[in-house]
Amino acid sequence: MEKKISKRSKREEDDLEALIAEFQSLDAKKTQVVETTSSPPSPRLNASLSAHPDKDELILFGGEYFNGQKTFLYNELYFYNIKKNSWLKVDIPNPPPRRCAHQAVVVPQAGGQLWVFGGEFASPDGEQFYHYKDLWVLHLATLTWEQIKATGAPTGRSGHRMVLCKRQLVVFGGFHESTRDYVYYNDVHAFNMDTFSWSRLTPSGTGPLPRSGCQMASTPDGAIIVYGGYSKVKAKKDVDKGCSFVCVCVCPEKWVWSRVSPSGVKPTPRSGFSLAVGPSSRIVLFGGVCDEEEDESLEGDFFNDMYLYDMTKNRWFAGQLRCPKSEKKKRRRGKKGDGEGAELGQDQKGEEEEGQAPVEVVKEIVADDGTVMTIKQVIPNPGAGTPSSDSEEEEGEEDEGEGAAAASVEPCPRSNAMATVKNGLLYLYGGMFEVGDRQFTLNDLYAIDLHKMDEWKVLVEMDPKTQEWLEETESEEEGEEAEGAIGGNDEEEDEESSDEESEEEDEDHPPVKAGESYPDYESRTEQYWLKLARVNMGPDAKEKKVVKVSHAMVKVYYDEHKSEPQ
């Protein structure tokens, strides 16, 4: 029996509707499509990265960023040109509200479409959540957003998964979270792209347990594979314990669940991993985190390893890099001297076979504020996939350093990165990792050829200057809430053009007079905010709710624009 959402959770979502309505009123001012050549998107996670069906482009939408005090949500749309290695930011009128942990699916019909469902919006302090149940489509040929209103949609959720299965968008799982409770789902819904209607599916057999953050993929024969995921369970009173899943299930065309037991080298238990469907019916899994929970403490081991699952053979295997240059070096070494080189080659081969134990590599990155990030990663079987340091140095001298650099480049361990495959290349963007109590959110971009599996290429490097982290203090908490909410579009734009934005907003909303108290401002502008709330919420909204939303909007605006104390 499906657990229902509490009344308290619904009240929290009503409160957040005010912030969402305010952001939508700002988006409603956009009247035309504006394309701007852009630097790489700011750091984020839980966005969607999709491959354009017709062009050599990647599409990035939404996401979130947390800097230690404030949570920022995005509804920005970026296009990455693969050939030019350049970014284009596209502002389109009437976009979906800001969100993260949604799902996006690309469909080739009508010049290409990007379908987006669900996701969540968070309060600036990250304590309250609003879960969407809306469905949107971006028409790539005309660059227009359209909201699809159809009855029978799944309940609001985030962390769910959605795939295209023939002419249906199939949604599975996810969760709904509030301050005090949470619900995990294992229901299955389908949106028919011919009739534009939702239906709830009831597959027979024993299905997966409720979960979020799993990964789903369509097989060539029309089946759907569900792998992994995460949920919380009650360990004891007032104590929750995370639970990771490692099972694989398949839901064939007849909508029957069945358990699958793959062979091969399986990934270790983890959550927050990235997954994309590659060539030759292979699913690519990258990274993730394994959280170790003891009472109230939580520590995570982050990964940057790669596994591939062959859907036709039902087999896992480790995705290790091939290093042809190291093999050439071995052959050259074998030709040195009369018998000495051959003996040296045999000795080295024996050493490599013995030295298959995992090796821990420690890297240090210095952030802009002087913080030193120490990243530890364990590389399994180093001799099988990576040349030794000596061979790297010698190979680098012969090939002007290119071979050594290419062999050593790889994404740092992370979770919640965005991944997609285009033309046989896996693209990996952003994500996060933690060092102690500090979270580092990334905006780097990597690519690897899944046919060659020889090297990772860095398309966008991580910029340490973007690694902002603010320690939370009691005196700052209250003031930062409203500031984070109104500035949630882009924290970099916040810093660079806050004065300009304030002037633009003052022209549209009644300005706050110098020294004016909140009660005085609210009384003076009450009718304006009521009218704005009615416009945002529509004619069918109840008056009581309109009043509540208008009060929240005026509070947010006042806190942002009140005069600073002298």
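With which side chain does the side chain of R157 make a polar contact of 2.7 Å? In the structure described here, which is a predicted model, the partner is the side chain of D187. The surroundings of this arginine are taken up again below, after an account of the overall make-up of the protein and of its sheets.

The secondary structure of the protein comprises 10 helices together with 34 strands. Of the 566 residues in the protein, 48% are buried, and the accessible surface amounts to about 28300 Å², with carbon and sulfur atoms contributing 48% of that area. When contacts between residues at least 6 apart in sequence are considered, 59% of them join residues that are at least 24 apart. No disulfides are present in the structure. Among the cysteines, C100 is buried, with a relative accessibility of 0%, and C165 is likewise counted as buried, at 7% relative accessibility, because the cut-off for a buried residue is a value under 20%.

One of the sheets is an open sheet of five strands, arranged in the order 1-7-6-3-2 with antiparallel pairing. Its edges are formed by strand 1 (34–38) and strand 2 (48–51), each of which pairs on one side only, and the twist from one strand to the next averages 25 degrees. Within this sheet, strand 6 (residues 77–81) is joined to strand 3 (residues 57–61) by five bridges, the two strands running antiparallel. Two of the residue pairs can be named: L60 has Y78 of strand 6 as its bridge partner, while L58 is matched with Y80 of strand 6. Strand 6 also pairs with strand 7, again in the antiparallel sense, over four bridges, and here Y78 stands opposite K89 of strand 7. Y78 thus takes part in pairings with L60 and with K89. Strand 6 is mostly covered, since four of its five residues are buried. The connection between strand 6 and strand 7 is a hairpin with four residues between the two strands, and N85, which lies in the turn, has a positive phi of about 50 degrees.

Strand 7 (residues 86–91) also contains V90. This valine counts as buried because its relative accessibility is 3%, which falls under the 20% cut-off. Leaving aside residues up to four places away in sequence, V90 touches V33, V34, E35, L77, F79 and L143. One of these contacts, V33, is 57 residues from V90 in sequence, yet the C-alpha atoms of the two valines are 7.0 Å apart in space. As a general point for reading such sheets, the side chains of a regular strand alternate between the two faces of the sheet.

A further open sheet is made of four strands in the order 31-32-33-34, and its pairing is antiparallel. The edge positions belong to strand 31 (418–422) and strand 34 (456–460), each of which pairs on one side only, and the twist averages 30 degrees from one strand to the next. Strand 31 is joined to strand 32 (residues 425–435) by five bridges, and these two strands run antiparallel. In this pairing, T420 has Y427 in strand 32 as its bridge partner.

The residue named at the outset, R157, is found in a loop, between strand 13 (144–148) and strand 14 (161–165). Is R157 buried or exposed? With a relative accessible area of 0%, R157 is buried, because that value lies under the 20% cut-off. Two polar contacts of its side chain can be described: one, of 3.0 Å, joins it to the side chain of T155, and the other, of 2.7 Å, links it to the side chain of D187. Not counting residues up to four places away in sequence, R157 touches F117, G118, G119, H131, Y132, G173, F175, Y185, D187 and H189. D187 therefore appears in this list of residues that R157 touches, where contact means heavy atoms within 4.5 Å, and its side chain also makes the polar contact with R157 described above.

Technical notes. Residues are numbered from 1 along each chain as its sequence is written. This is a predicted model: local features need pLDDT of at least 70, side-chain atom pairs count only at pLDDT 80 or more; totals for chains, interfaces and linings use all residues. Side-chain values use heavy atoms; hydrogens and water are left out. Buried means under 20% relative accessible area, exposed over 50%, partly exposed in between (1.4 Å probe, protein chains only). Accessible areas come from the Shrake-Rupley method with a 1.4 Å probe; for residues, only the protein chains shown count as cover. A polar contact is a pair of N or O atoms within 3.5 Å; within protein, one must be able to donate a hydrogen and the other to accept it, and residues adjacent in sequence count only if both atoms are side-chain atoms. A disulfide is a pair of cysteine sulfur atoms within 2.5 Å. Two strands pair if DSSP finds at least two bridges between them. Axes are lines fitted to C-alpha atoms, for helices over the stretch in contact, and angles run from 0 to 180 degrees between N-to-C directions.
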